[in-house]
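User: Could you walk me through one part of this model in some depth? I'd like to start with a loop and then spend the rest of the time on a sheet and what surrounds it.

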Amino acid sequence: MNQNSRFVIVGLGLLGGAYALGLRKAGFEHVAAIDLKEEALAFAKEKGYIEEGRTQGFEEMLARADYVIFSLYPTAFIQWVEKYGALLPAGCLCTDVSGVKAGLVDKVQALLPEGVEFIASHPMAGKERSGVEHAHLVDFAPANFLITPTEKNTEEAVDFARSLAKALGFARIHVISPEEHDRMIGYVSQLTHAIAVSLMCAPDAERFADYTGDSFRDLTRIAYLNAPMWAELFLWNREYLTEEIAAFTARLQQLKEYLQSGQRQELEAMFRASSAARAAFDKKEKEG
């Protein structure tokens, strides 16, 4: 990567827009985008996020690309590569922002033409709002950036993903397998969203606005989500997510049994264990 590198972002939503903005802030002048919505491209161009944008007729734009970043839902990602992947030039390196990897990465790698390499990655950052108009709210600095290579990837591609993450401002970069990624995401991301959604789907949940404190607001902040995207991510990762829901339900059931039988010592022991785990979590985060 250098200042003359040419980037094309496919899908100019929240994260696609945040990538475009981050790249321009990092000094990369040639950032272009492809999106179905003319208004998204017009907004990004007016704000200086991109140099140019197209909804169609983007063959020449792709032919000049050094790097392509896919910011699409998994199913749409595969469909795009099936339809337009042949337009990508030899030597081009591609990555993505997808929240699931197993079952996706192999398909994309198999579909791409000879000489085009796809290195999967996942920025663990975002906002409850969707759309490029909210891209400026995304803060990459405190977030984790996950790179998920397969045996088909080269060291050059992994180095590119690292360089991209650093250019965007990520301080934490980790390399794991696609399968490890999806199992971990099932717990730290998808399960937490499932819990928030379940809390807010209680009958007349809005009535709690008059009585709630910070704990309820913090727990349910992520319940305000992009429904089509999260439904797709949940379904793509259903095996790991259902396992995590079952394990969480068992822990909650254990707490319920302590309550029902009046086992104060056991409750306190569970609370001390959770406090110790959270302290260890905070320490590890500070250490980077």
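Between which two helices is the loop where D204 is found? And once that's settled, what order do the strands of the open sheet of six have?

Analyst: Quick housekeeping before we dig in. This is a predicted model, where local features need pLDDT of at least 70 and side-chain atom pairs count only at pLDDT 80 or more, while totals for chains, interfaces and linings use all residues. Residues are numbered from 1 along each chain as its sequence is written, and side-chain values use heavy atoms, with hydrogens and water left out.

D204 is in the loop between α7 (178-200) and α8 (214-220); helices here are DSSP runs of H or I with at least four residues, strands are E runs of at least two, and both are numbered from the N terminus. Its phi is near 55°, a positive value in a residue other than glycine. For context, most residues other than glycine have a negative phi.

Now the sheet. The six strands go β3-β2-β1-β4-β5-β6, in an open sheet with parallel pairing, where two strands pair if DSSP finds at least two bridges between them. At the edges sit β3 (52-54) and β6 (117-118), each pairing on one side only.

Take β1 (6-10) as the way in. Four of its five residues are buried, meaning under 20% relative accessible area (exposed is over 50%, partly exposed in between, with a 1.4 Å probe and protein chains only). On one side, β1 joins β2 (residues 30-34) in parallel through five bridges, and I9 stands opposite A33. Helix α1 (residues 14-25) completes a right-handed β-α-β unit with these two strands; right-handed means that, with the strands pointing away from you, the path from the first strand over the helix to the second runs clockwise. β1 also pairs with β4 (residues 67-70), again parallel, over four bridges, with V10 opposite F70.

Just before β1 comes S5, which is buried at 4% relative accessible area. S5 touches H30, D66 and Y67, leaving out residues up to four places away in sequence; contact means heavy atoms within 4.5 Å. The S5 side chain also reaches the backbone nitrogen of N2 at 2.9 Å.

Over at the β6 edge, β5 (residues 93-96) runs parallel to β6 with two bridges, and C94 faces F118 there. C94 is buried at 0%. A disulfide would need two cysteine sulfur atoms within 2.5 Å; the closest cysteine sulfur to that of C94 is in C92, and it is too far for a bond because the gap is 4.0 Å. The whole structure has zero disulfides.

F118 has other company. V108, in helix α5 (residues 105-111) and buried at 0% relative accessibility, touches F77, I78, V81 and F118, again skipping residues up to four places away in sequence. F118 also belongs to a ring cluster with F58, F70, F77, W80 and Y84, where Phe, Tyr and Trp rings (the six-membered one for Trp) pair if their centres lie within 6.5 Å, and planes under 30 degrees apart count as stacked, over 60 as edge-to-face and the rest as tilted. F70, the residue opposite V10, is in that cluster too. The overall count by this rule is 14 aromatic pairs.

Terms used
Polar contact = N/O pair within 3.5 Å; in protein donor to acceptor, adjacent residues only side chain to side chain.
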